[in-house]
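Me: I'd like to learn how to read a few features of a protein model. Could you walk me through them with the structure on screen?

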Amino acid sequence: MSLPPATLACVTHSARRIGRSLALVLPVVLVLSGTLAVSAVPWAGQDSATQLTASAKDVSVPAKSRAPQDVLRDQLLAELQAKDPGVALTRLQREVENRPSLAQHCMSIARDLGRAAVQRYGPTRAQSFSRPVCDTSYATGVMRAS
């Protein structure tokens with residue numbers, strides 16, 4: 001039993017249409033089901049109540065970058081704790097000479113170093129590290145913290 005040529009052409013045409021429809025719809029279904037499956041899995045190391053949720057709101061928030069002067073301030077305060085204020089002041093002076101854009105922040109950084117030095121060494125010893133960096137702002141920080 002064989003089909004007439006017109007019926008065979010109709011079946012072939014229908015099979016092609018179904019195949020094309022599946023080729024378009026199937027990847028979308030797979031991606032959506034995979035995304036939903038991943039978003040419902042509790043991740044290792046997290047509380048079981050906390051789960052990853054797919055949200056465009058979270059993606060659109062840009063990461064906050066820190067200003068160069070804030071990064072430098074933190075590095076110098078760490079250096080003051082690890083070594084001494086004289087080393088931190090010398091580095092501050094070199095950084096300002098190498099990057100003139102930091103000059104406008106030099107005084108506030110030096111004052112912060114002075115305050116931190118008083119907390120670590122006391123006012124008398126902290127003052128002994130004083131240098132004429134940034135218009136003696138370090139000494140001002142020491143004085144105000146005392």
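Reply: Gladly! Let's begin with burial: a residue counts as buried when its relative accessible area is under 20%, and as exposed when that area is over 50%. Keep in mind that this is a predicted model.

Me: Is Cys-134 buried or exposed, then?

Reply: Cys-134 has a relative accessible area of 16%, so it is buried. Val-25 makes a useful contrast: its relative accessibility is 48%, so it counts as partly exposed. For the protein as a whole, buried residues make up 24% of the 146 residues.

Me: Which cysteine does Cys-134 join through a disulfide?

Reply: The general idea is that a disulfide is a covalent bond between the sulfur atoms of two cysteines. Here, the bond joins Cys-134 to Cys-106, with an S to S distance of 1.3 Å. The two cysteines are 28 residues apart and link distant parts of the chain: Cys-106 belongs to helix H5 (residues 106–121), while Cys-134 sits in the loop between helix H6 (123–127) and helix H7 (137–145). Cys-106 has 4% relative accessibility, so it is buried too. The count for the model comes to one disulfide.

Me: How many helices and strands does the protein have?

Reply: There are seven helices and zero strands, so reading from the N terminus you meet α-α-α-α-α-α-α.

Me: How do I check the span of H5?

Reply: Compare the expected span with the one in the model. At 1.5 Å a residue, the 16 residues of H5 should span 22 Å, and its end C-alpha atoms are 22 Å apart, so the two agree. Just after H5 comes Gly-122, with a positive phi near 90 degrees.

Me: Which residues of H5 are buried, and what do they pack against?

Reply: An α-helix has 3.6 residues a turn, so residues three or four places apart point the same way. The buried residues of H5 include Cys-106, Ile-109, Ala-110, Leu-113, Gly-114, Ala-117 and Tyr-121. Their packing partners are helix H3 (68–82), helix H4 (85–98), H6 and H7. Across the protein, 59% of the contacts with a separation of 6 or more are between residues 24 or more positions apart.

Me: And what should I look for on the surface?

Reply: Try the nonpolar patch of about 290 Å² made by Leu-24, Val-25 and Val-29. You will find Val-25 in helix H1 (residues 5–39). The accessible surface of the protein comes to about 10,400 Å², and carbon and sulfur atoms account for 61% of that area.

Conventions. Residues numbered from 1 in each chain as written. Predicted model: local features only at pLDDT ≥ 70, side-chain atom pairs only at ≥ 80, totals over all residues. Heavy atoms only, no water. Disulfide = S-S within 2.5 Å. Helix = DSSP H or I, 4+ residues; strand = E, 2+ residues; numbered from the N terminus. Buried < 20%, exposed > 50% of the residue type's maximum accessible area, 1.4 Å probe, protein only. Contact = heavy atoms within 4.5 Å. Areas by Shrake-Rupley, 256 points an atom, 1.4 Å probe, with all protein chains shown as cover. Expected span 1.5 Å × (residues − 1). Patch = residues over 30% accessible without salt bridge, like charges linked within 9 Å, V, L, I, M, F, W, Y side chains within 5 Å. Salt bridge = Lys/Arg side-chain N within 4 Å of Asp/Glu carboxyl O.
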